[in-house]
Amino acid sequence: MYKTVHLKKGKEESLGRFHPWVFSGAIHHIDGRPEEGDVVRVISADGRFLAVGHVQIGSIAVRVLSFEDIVIDQVFWKERLSAAYAVRRSIFPQWKKNSSSGEGNNSESRIQESELTNAFRLVHGEGDGLPGLVIDVYDRTAVMQAHSVGMHVSRREIADALAEVLDGVIDNIYYKSESTLAYKASEDGGNGFLKGCLATANDIATENGLRFHVDWLGGQKTGFFVDQRENRALLEHYAKGRKVLNMFCYTGGFSFYAMRGGAELVHSVDSSSRAIDITRENVELNFPGDTRHEAFAEDAFKYLDRMGDQYDLIILDPPAFAKHKDALRNALMGYRKLNAKAFEKIRPGGILFTFSCSQVVTKDNFRTAVFTAAAMSGRRVRILHQLTQPADHPISIYHPEGEYLKGLVLYVE
Ligand code: SAH
């Protein structure tokens, strides 16, 4: 049976509200010596059962898998994955068994080509009752990423359950945790296919009819950022006739929407030369020979300092500046500095898409940082849209920290 975590008196309250984390400071003692990643039972000071979850080292000591006193087995994984899949089928009715949705089969032929999408998030951690687990699906390949040792230890069982739940929908499961759990992944042989193989996996995914190489071997996160899908589509709407700077472009996501939307020129900038190489490949894939696009492998701040004032549509989508609460102050300074540069240089009548994907930076924190940057520039600025993550990145109502992506679309006079 599972080892037991005993909470201090009065520390059971947040679990009573279904918040899925137990902080180390709430723990009185633990029976036995569970290994990191083991499943444990959590009980209150007066001996009441509260939850089962994965134990881990750090300030979050237990990540809750269930508030019922159950065994975490194949039935559990299948039930949670099936629930996650059911949610995605409501969001994307076109995503069905045996449909390679990018290729438009008969029943789906009424979907416009520009709407074809086969890159989705199937599992979004706490938002799907699976803290520490992310699964993105690209055409017929699922890319699975563990952010906790518990999920890493269970990866084969999860992959078996996933293959059953998505039978006929995917052929390959790639496990990619070298960047999230470096020491564990390397102990166990690193990244690799748990089902299928590279030869059977198509590395080109389709999003709203645009095609992207997904760099699952060397890329960031699961190889692509599916969370910006709807925000990219919004950008397309504003692109006509504009000169666009896509800063922190990664593999070019926003750039191709800008090109399709009729931008006059598009410059994509990222400090990773690998990302820039793939951006160039993606241009060839979607707009072969189109000379409106140029890509630069360069640091953002250096580029913003040396660039002129020709841009009238700028995207700022930096990596998470704060990974932990302690880094919040510096992160806010970073957002302020970055946005100040854009306000300084963007043309009158320009549009700024600015984002933060740091979980610890709240919507209000971010807005204050951008507000301060705007005030420093002295320009008149209107908020046109307030953006967030798409529906396939759901937020458990009991875990507001799951709302991580924040964006503002600003009109700068
Ligand atoms: N907008 C992208 C995702 C951006 S992720 C999309 O739609 O897919 C953040 C990117 O910032 C990463 O590609 C990373 O390589 C890049 N980056 C990190 N630090 C940087 C810096 N100092 N200057 C430029 N790019 C940077």
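**Notebook: ligand site and Q228**

I started with the ligand's oxygen side: one of its oxygen atoms sits 2.8 Å from an N or O atom in the side chain of R232. Note to self: this is a predicted model.

Next I looked up the ligand's nitrogen atoms. A polar side-chain atom of D317 is 2.7 Å from a nitrogen atom of the ligand. For S271 the backbone does the job: one of its polar backbone atoms is 3.1 Å from a ligand nitrogen. I then checked the areas, and the ligand taken alone exposes 590 Å², of which the protein buries 88%.

Who is around the ligand? I get 15 residues surrounding it, and the closest are R232, D270, D299, A300 and D317. I sorted that shell by type and it splits into 7 nonpolar, 3 polar and 5 charged residues.

Then I moved to Q228. I found Q228 in the loop between β13 (210–213) and α6 (229–238). Buried or exposed, I wondered of Q228? Q228 has a relative accessible area of 2%, and buried means under 20%, so I logged Q228 as buried.

I went through the partners of Q228 as well. Its side chain makes a polar contact of 2.8 Å with the side chain of N231. Leaving out residues up to four places away in sequence, Q228 touches F254, D317, F355 and L405.

D317 turned up in both searches: D317 is one of the residues closest to the ligand, and Q228 touches D317.

Definitions and conventions:
Residues numbered from 1 in each chain as written. Predicted model: local features only at pLDDT ≥ 70, side-chain atom pairs only at ≥ 80, totals over all residues. Heavy atoms only, no water. Near = heavy atom within 4 Å. Polar contact = N/O pair within 3.5 Å; in protein donor to acceptor, adjacent residues only side chain to side chain. Areas by Shrake-Rupley, 256 points an atom, 1.4 Å probe, with all protein chains shown as cover. Nonpolar A, V, L, I, M, F, W, Y, C, P; charged D, E, K, R; others polar. Helix = DSSP H or I, 4+ residues; strand = E, 2+ residues; numbered from the N terminus. Buried < 20%, exposed > 50% of the residue type's maximum accessible area, 1.4 Å probe, protein only. Contact = heavy atoms within 4.5 Å.
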